[in-house]
Amino acid sequence: MNILLISASPRKSKSQTLALAQHVVKGLGVSARVETVHLCDLKIGYCTHCEACHVACLRCPIKDDVPALLSKMLAADGIILATPNYINQVTAALKAVFDRSSHFIHCKRLLGRYLCGVVTSGSGTQDDRVLDYLRHYSHICGAQFSGGVSACSYALEKKTAEAVRLGRKFAQDIGRRKEYPAQTRVIKKGMAHFGRIIGMRKDHWRGEYAYWKEKGWL
Ligand SMILES: Cc1cc2nc3c(=O)[nH]c(=O)nc-3n(C[C@H](O)[C@H](O)[C@H](O)COP(=O)(O)O)c2cc1C
C-alpha cells in the first residue's frame, strides 16, 4: 500500500503537525510504504486559471514542482494531508496545490483513493473547520475521507493515541476498499454536477470531455 504524506508546514522537521502525522503513520502498519513530501521543499506557483489542464488533462504551463506532486498523488492509494491551522484554513502552500489540482475535481481523479487529515493549532480551537475543508477537498476529487485528527500543539500527547487509531483505520479502509455510503452520495452528487458542466463545455475542455467519454460517464 502506497501512502503519500503531504506536510504543509514550513517548519519541516520542527513541525508539530508532522509530529502528530507520524503517529498516524505508526498506525498504518508494516504493509504501508510511506513517502513524505514537505511542501516547503517544493517550488509551487499559483494557478492562473488558464484552463490548459482542462483542455489537455494535467497539462500546465507553470514550470515548477506541482505536476510531479500531482503525479505522486495519483499514484498513491492513500494521502495523509497534514497542515497547521492558519487562520482556520490550510496553509497557503497547500491551498496553492489544491488550486493547481482543479483537473482532479473536474474528472474525480481521486476516485477509489483515500484521504485523511491531520491538523494542529496554537489554541486547539476551530481545527474542525480545517478538517472539514480537507474532507470537502477529498469528496470533490472523488476520494473517501477516512477521518481526521487535530490537536493543540502544546498538548500533542493527548491526541497521539487517537492519531495511531486513525492510521489503523486508514490502512483498513484502503485494504478493504471501504465505501462510506453517505460520502459516496456526496461524491456522486458532485459527479452529476460536473457531468453537466463538462458536457456544456465540451468544445473547450476537450481533454476532460474525452476523459469522461472514455470512462463511460457521459
Ligand atoms: C500564519 C499563521 C496563522 C495561524 N493561525 C492560527 C489560528 O488561526 N488559530 C490557532 O489556534 N493557531 C494559529 N496559528 C498557530 C499554528 O497553527 C500552530 O502553531 C501550529 O501547531 C503550527 O504547526 P507546525 O508546527 O506544524 O507548523 C497560526 C500560525 C501562523 C504562522
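In this predicted model, strand 1 (residues 2-7) runs parallel to strand 3, and five bridges join the two. Within this pairing, I6 stands opposite L81 of strand 3. Strand 3 also pairs with strand 4, again in the parallel sense, over seven bridges. Here G78 has Y114 of strand 4 as its bridge partner. Strand 4 in turn runs parallel to strand 5, and eight bridges join them. Y114 appears again in this pairing, where its bridge partner in strand 5 is Q144. Y114 is thus a bridge partner of G78 and of Q144.

The connection between strand 4 and strand 5 was examined next. Helix 6 (residues 127-141) takes part in it: strand 4, helix 6 and strand 5 make a β-α-β unit. The unit is right-handed.

Burial was then assessed for the strands. Strand 3 covers residues 78-84, and seven of its seven residues are buried. Strand 3 is therefore largely enclosed by the rest of the structure. Both of its faces are covered. On one side lie the buried residues G78, I80, A82 and P84. On the other side lie I79, L81 and T83, which are buried as well. Two of these names recur in the pairings: L81 stands opposite I6, and G78 is bridged to Y114. Strand 5 (residues 144-152) gives a related result. Seven of its nine residues are buried, so strand 5 is also largely enclosed by the rest of the structure.

The ligand has 17 residues around it. Of these, T17, P84, S121, S123 and S153 come nearest. P84 is also one of the buried residues of strand 3. Helix 1 (16-28) supplies at least two residues of the shell around the ligand, and so does strand 4 (114-121). The largest share, three residues, comes from helix 1. By class, the shell has twelve polar residues, four nonpolar residues and one charged residue.

Two of the helices show a buried face and an exposed one. Helix 7 (160-176) has 17 residues. From its first C-alpha to its last, helix 7 reaches 24 Å, close to the 24 Å expected at 1.5 Å a residue. Its buried residues are A163, L166, G167, F170, A171, D173 and I174. Seen down the helix axis, these residues fall within an arc of 160 degrees, so they line one face of helix 7. The face turned away from this buried side carries the exposed residues A161 and R176.

Helix 9 (residues 206-215) was treated likewise. E208, Y209, Y211 and W212 are its buried residues. Viewed down the axis of helix 9, they fall within an arc of 155 degrees, so they line one face of the helix. On the other side of helix 9, K213 and E214 are exposed.

Backbone angles were considered next. Most residues other than glycine have a negative phi. K108 is not a glycine, yet its phi is positive, at about 50 degrees. R177 is not a glycine either, and its phi is also positive, at about 50 degrees. K108 lies in the loop between helix 5 (102-106) and strand 4. R177 has its place in the loop between helix 7 and helix 8 (181-200). Burial separates the two residues. K108 has 23 other C-beta atoms within 10 Å. A residue with 20 or more such neighbours counts as buried, so K108 is buried. R177 has 10 C-beta neighbours inside 10 Å. The limit for an exposed residue is 12 or fewer, so R177 counts as exposed.

Distances between C-alpha atoms complete the description. R177 and D127 are 50 residues apart along the chain, and their C-alpha atoms are separated by 28 Å. R196 has its place in helix 8. With 11 other C-beta atoms within 10 Å, R196 is exposed. R196 and Y154 are 42 residues apart in sequence, and 47 Å separates them in space, C-alpha to C-alpha.

How values were computed:
Residues numbered from 1 in each chain as written. Predicted model: local features only at pLDDT ≥ 70, side-chain atom pairs only at ≥ 80, totals over all residues. Near = placed C-beta within 6 Å. Helix = DSSP H or I, 4+ residues; strand = E, 2+ residues; numbered from the N terminus. Nonpolar A, V, L, I, M, F, W, Y, C, P; charged D, E, K, R; others polar. Pairing = 2+ DSSP bridges. Right-handed = clockwise from strand over helix to strand, strands pointing away. Expected span 1.5 Å × (residues − 1). Arc of directions from axis to C-beta.
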